[in-house]
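I opened this notebook to record what I looked up in one structure. The entries follow the order in which I consulted it.

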Amino acid sequence: MRINIEKILQSPESIFKDILQKLTERDIKDAKDELKFKYPEIDTVLFDAIKLILSDLKNEENYINRLLYRIFKIEVRRNIRREQLIILGSQLKAQQKDIKRDMYRVKIYIDNISSTLKNLERLRTAFKDKSMFLVDEDLKDKSIYYIGRIEYKIRELKNYKKSLEESLNSLQLKEKKYSSLLKQIPRYYEINEEIYLQNYLTR
């Protein structure tokens with residue numbers, strides 16, 4: 001980012017404000033919109049249903065039967081509970097996918113703010129370096145004022161970044177719970193949130 005500091009100081013204040021706005025407005029808008037968004041809570045009913053079926057399945061089948069299904073997809077006899085797990089597992093995976101999508105979006109916003117902060121810090125440094133050699137007191141005062149405005153924006157963006165990081169941490173903890181339960185479902189890696197559900201309902 002190359003900016004002629006002397007030219008900015010000699011220009012109307014509106015030019016500086018316009019530069020600052022263009023650097024920060026998108027990040028601030030994205031952060032505000034994201035922090036207003038209410039993420040869905042963990043589907044405790046779905047979690048409890050899957051845990052109950054897993055418990056029943058374990059009690060109904062011996063270790064060899066479970067092993068045959070997990071590795072070779074061989075069923076000694078048709079098991080309704082396993083079919084229920086496919087449906088509920090597909091719902092679980094669909095919800096996990098939504099959480100991952102939210103995580104990805106928040107990560108992008110955090111990265112964008114981090115990039116903008118670097119630009120603002122470079123801009124602040126450029127004004128500070130220029131101020132050291134300014135003889136005109138009016139320009140020097142103007143530079144000090146601009147530095148203050150930049151630092152205000154830096155603080156504002158850091159606060160948004162911190163809030164977004166807290167949101168991301170909450171989403172990551174939630175996603176881990178989904179991932180942990182999903183892995184308890186036999187052949188969980190084959191479950192597809194769309195195809196499995198469709199295949200089951202059209203059989």
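**Entry 1. A serine**

In which helix does Ser90 lie? I found Ser90 in helix α5; helices here are DSSP runs of H or I with at least four residues, strands are runs of E with at least two, and both are numbered from the N terminus. I noted that the model is predicted, that local features need pLDDT of at least 70 and side-chain atom pairs pLDDT 80 or more, while totals for chains, interfaces and linings use all residues. I also noted that residues are numbered from 1 along each chain as its sequence is written, and that side-chain values use heavy atoms, with hydrogens and water left out.

Is Ser90 buried or exposed? Ser90 has a relative accessible area of 1% and is therefore buried. The class means under 20% relative accessible area, with exposed over 50% and partly exposed in between (1.4 Å probe, protein chains only). I then looked up the polar contact of its side chain, and the side chain of Ser90 reaches the backbone oxygen of Ile87 at 2.5 Å. A polar contact is a pair of N or O atoms within 3.5 Å; within protein, one must be able to donate a hydrogen and the other to accept it, and residues adjacent in sequence count only if both atoms are side-chain atoms.

**Entry 2. The chain as a whole**

I counted elements next: the protein chain has seven helices and zero strands. I recorded that buried residues make up 36% of its 203 residues. Of the contacts with a separation of 6 or more, 85% are between residues 24 or more positions apart; contact means heavy atoms within 4.5 Å. The accessible surface comes to about 13,100 Å², and 51% of this belongs to carbon and sulfur atoms. Those areas come from the Shrake-Rupley method with a 1.4 Å probe, and for residues only the protein chains shown count as cover.

**Entry 3. The nonpolar core**

Which residues touch the most other members of the largest nonpolar core? I found Ile50, Leu92, Phe127 and Ile150, in a core of 42 residues. Such a core is a set of buried Ala, Val, Leu, Ile, Met, Phe, Trp, Tyr and Cys residues joined through side-chain atoms within 4.5 Å. Helices α1 (5–10), α2 (13–36), α3 (44–60), α5 (80–131) and α6 each supply at least two residues of this core. The most come from α5, with 13 residues. Leaving aside neighbours within four places in sequence, I listed the contacts of Ile50 as Leu85, Leu88, Gly89, Leu92, Leu181 and Ile185.

**Entry 4. Helix α6**

I checked the length of α6, residues 137–182. Its 46 residues should span 68 Å at 1.5 Å a residue, and the end C-alpha atoms are 67 Å apart, which agrees. The expected span is 1.5 Å times one less than the number of residues. At the N-terminal end, Asp136 caps α6, with a side-chain oxygen 2.9 Å from the backbone nitrogen of Asp138.

I then followed three residues of this helix. Leu139 is in α6, and its C-alpha atom is 8.9 Å from that of Glu6, 133 residues apart along the chain. Not counting residues up to four places away in sequence, Leu139 touches Leu9 and Leu134. Asn169, also in α6, is partly exposed at 42% relative accessibility; its C-alpha atom and that of Met103, 66 residues apart along the chain, are separated by 8.9 Å. Ser179, again in α6, is buried with a relative accessible area of 18%. The C-alpha atoms of Ser179 and Lys93, 86 residues apart along the chain, are separated by 8.4 Å.

**Entry 5. Aromatic rings**

How many aromatic pairs does the structure hold? I found six. Rings of Phe, Tyr and Trp (its six-membered ring) pair if their centres lie within 6.5 Å; planes under 30 degrees apart count as stacked, over 60 as edge-to-face and the rest as tilted. Phe37 and Tyr39 form an edge-to-face pair, at 5.3 Å centre to centre and 70° between the planes. Phe37 is partly exposed at 39% relative accessible area, whereas Tyr39 is buried at 18%.

Why is the pair of Tyr145 and Tyr146 tilted? Their ring centres are 5.9 Å apart and the planes are at 50°, so I entered the pair as tilted. Tyr145 is partly exposed, with a relative accessible area of 40%, and Tyr146 is buried at 0% relative accessibility. Ring pairs link both tyrosines with Phe16 and Phe127 into a cluster.
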